[in-house]
Each structure stands twice: as structure tokens, then as C-alpha cells.
Amino acid sequence: MAAEIKDLRNLQNTEYGIKKLFDDAEDFLPLLGTDYVELYVGNAKQSAHFYKTAFGFQSEAYAGLETGVNDRVSYVLKQDKIRLILTTPLEENGVINEHINKHGDGVKVMALWVEDAASAFEETTKRGAKPFMEPTREEDGNGHVIKSGIYTYGETVHIFVERKDYNGVFLPGYKKWESHYNPEPVGLKFIDHMVGNVGWNEMNTWCKFYAEVMGFAQIISFDDKDISTDYTALMSKVMSNGNGRIKFPINEPAEGKKKSQIEEYLEFYNGAGVQHIAVATDNIVETVSAMRDRGVEFLYVPDTYYDDLLDRVGEIDEDVEELKKHGILIDRDDEGYLLQLFTKPVVDRPTMFFEIIQRKGAQSFGKGNFKALFEAIEREQENRGTL
Ligand code: FE2
């Protein structure tokens, strides 16, 4: 079946052209970038060790009993512009425990860096966002920050962080985390996009949320004709803020012959949540090679994927044998090409994983790889007996 792609950025000077995108993405919510991603996990100390060892994150900051926090412990890890927080509760009951019990380890917060957190809260809640945190001032000897927050899909939240008057290591309440164990970074630079899986027929609801409540514009959509194999199917739309720094693709399952990977996620996560975090690198071969050496498991792509690669994507700078050796996928669009690879789930439930992406001009999301990729995921599902 013919793939119908609606890449709205390629329709310049039309109703949906790029100018329209930037007109559409209103500036009532100016976003400077991703501030941090916080995961609620069962054992932050050990998770932190994994992200340092396997992903090359650096010890950055810490909060817990030693810093006067009694109900939780949080480790902040950093690699270039990426900040991860790993948080585990210290108490018997509470919202973090409930989150972990229901969802397993997973993303709770996609924090966004803003100039004005009170305005971000007001502008989004008056457009219908469900409040998570009223604008709150936190301070210590290094200044103050203002934080506010709203819910997005599932129990996931966006926290707006205003930090222009703060120069501490991370946020008030955190101290520098000094460690004698500092594995080298693997070249991860920044978060390229974060993908949400939502339930049946909910994709448009959440795209509408990002459009109306947060002023985002839709830049790409795929339907089940584009993204389907013999067994699995999904639909996806990519929402972007006005400056393009924040991109949130939203997936929903579509009818297939067997259970789709999105359904499997929804079942094990018990609802909507973050499916993957895509992180950018300048050298995917080196990054993936280092991560493999440190024990990260990637999806396996059959060697046959590379047989007609150059016919499909044309000239590329990389050595195809090197790409094949690491199972790196390549896709081309009108603006260039991209290289990408997906880890297996990094948690016990078949839920959250990471994508490693290197963009060489292309601003799309690897549509040409979806079929090869999904067949690889189905092989994993087959092994789990959840297909
Ligand atoms: Fe992705």
C-alpha cells in the first residue's frame, strides 16, 4: 500500500508550510529547551550505576537524607546537555511508590526550561491543562528557582523550571555529587525527542493538547499504512514547539493481526507513558560501539537490511560495513539523512527504551526504518510470548 506521508515542513508556502508552523506554534509558552527528565525507579543508587557505566552519564548532584530530604533520594546524572534524575522513595507509602508499583521504573517528569514558570503555568492551565504543581519558589544559598507543573498523558507531567536567578549545581536541595567512579561519556549530546504511547483513539486528543494547551504545531503524521508489518501497526504524529527544540511524537496502537508493541507497552505500563527518549550524538558508530562494549543491548537488525541500503538512501559518509556491524539504521528525507538505533527496554517491563540518533540534515524520524525496526521488535515480543 502506498505510504502517505504528510511531512508538513516540506509543503513550503502552502497552508501547512513552515511559516505556518511557526505562526501556529504560538509564543504564549516560550521554551528554552529540555531541563531534565526524571524517572521514578525502584533503586536509584543501582540505576545510577547503570546509567554511568552503560550510558556514560556523569555524577552531577544528589538529594536525600544527607541534604535534608527525608522521603526520597534523587541522583542527578549529566552528559553534555542531558540531565537525568533517578528518584526512589524512602517511605513505605506515597505517590512515588504508587507510581513505581503501577508502572515499573519509568519517566515521571519531562521538565522544560522556561523564562517564566508562573506565566507557563497560567497560560497552560487557562487553556485546559490539569495542574500538577502551582508556581513554587525554592531557594538556597545559590539563589532561587521557580517551578510549576502540569499533567500530560497518563501520570506523566511537565515541570516548568525557571532558573535564571540560580547558580547552584542543579536545583535548591541538591548538593554536588562527588564520586570516585567516573566512566567516560559515550558522546550523548542532547535530547532530540521524547515519544509518548497513548491508548486507542487517544493520539488526536493528546496532539490537540499539545497544540491548544502548549501552542505546539504538528510537523509530521504517519498512519497505519506507513507503520505496519504483518502483525503490528501504529499511528504517530509529531508535535513541535515553535523553535523546534522540543519535539514530542505521540503514538497510538492500530489494528494488526497480532498485538502491537504499543499495546504491549500500554499493558505493562498500565496506561500511557513515555516510550522512548531519543538522544543525539555526533558520531553514532563510536557512541553505539562504546555502549555495546559497556553492556547496552540494542535491537538486532537482520543483515539483509543492508543489502539494498545504498539504493535506498544513496551516498552516505559512513562505511556500510561499520553500520552493519553495529546494526545502525539509516533513512533519508528531502533535507538529508539520519542514522539511528534503538536499545532494548532498559527496565524489567517491556516498556521504556532509548534511541540513539545522528542527524545529517534530515529532520524526520526514520519512517523508512519502521518496518525493519518493527520486525526486530516483533522478534523480541515473540521471545516474550506477548505477540
Ligand atoms: Fe524516535
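## A tour from Tyr210 to the iron ion

Start by selecting Tyr210: its relative accessibility is 0%, so it counts as buried. Keep in mind that you're looking at a predicted model. Now add Phe209, which is buried too, at 10% relative accessibility. How are the rings of Phe209 and Tyr210 arranged? Their centres are 5.0 Å apart and their planes sit at 85°, so this pair is edge-to-face. Bring in Tyr153, Trp206, Phe216 and Phe248 as well, and you'll have a cluster linked with Phe209 and Tyr210 through ring pairs.

Next, zoom out to the largest nonpolar core, which has 91 residues; Tyr210 is among the members touching the most others, along with Tyr51, Phe55 and Phe160. Color helix α5 (residues 203-213), which gives this core its largest share, 6 residues. Then color domain 1 (15-24 + 187-384) and domain 2 (33-176): both contribute residues, so the core lies between them.

For another ring pair, hop to helix α6 (residues 261-269) and pick Tyr265 and Tyr269, about one turn of the helix apart. Here the ring centres are 5.1 Å apart with planes at 25°, so the pair is stacked. Tyr265 is buried, at 2% relative accessible area, and Tyr269 is buried, also at 2%.

Fancy a charge over a ring? Select Arg127, which lies over the face of Phe28, 3.4 Å from the ring centre.

Last stop: the iron ion. Which residues are its protein donors? Show His193 (NE2), His276 (NE2) and Glu355 (OE), 2.0 to 2.2 Å from the ion. His193 sits in strand β10 and His276 in strand β14, 83 residues apart; both are buried.

Technical notes: Residues are numbered from 1 along each chain as its sequence is written. This is a predicted model: local features need pLDDT of at least 70, side-chain atom pairs count only at pLDDT 80 or more; totals for chains, interfaces and linings use all residues. Side-chain values use heavy atoms; hydrogens and water are left out. A nonpolar core is a set of buried Ala, Val, Leu, Ile, Met, Phe, Trp, Tyr and Cys residues joined through side-chain atoms within 4.5 Å. Buried means under 20% relative accessible area, exposed over 50%, partly exposed in between (1.4 Å probe, protein chains only). Helices (H or I, at least four residues) and strands (E, at least two) are DSSP runs, numbered from the N terminus. Domain bounds come from an automatic or database domain assignment. Donors are N, O and S atoms within 2.8 Å of the metal (3.2 Å for Na, K and Ca); water is not among the atoms, so sites may look incomplete. Rings of Phe, Tyr and Trp (its six-membered ring) pair if their centres lie within 6.5 Å; planes under 30 degrees apart count as stacked, over 60 as edge-to-face and the rest as tilted. A charge sits over a ring if NZ of Lys or CZ of Arg is within 6 Å of the ring centre and within 35 degrees of the ring normal.
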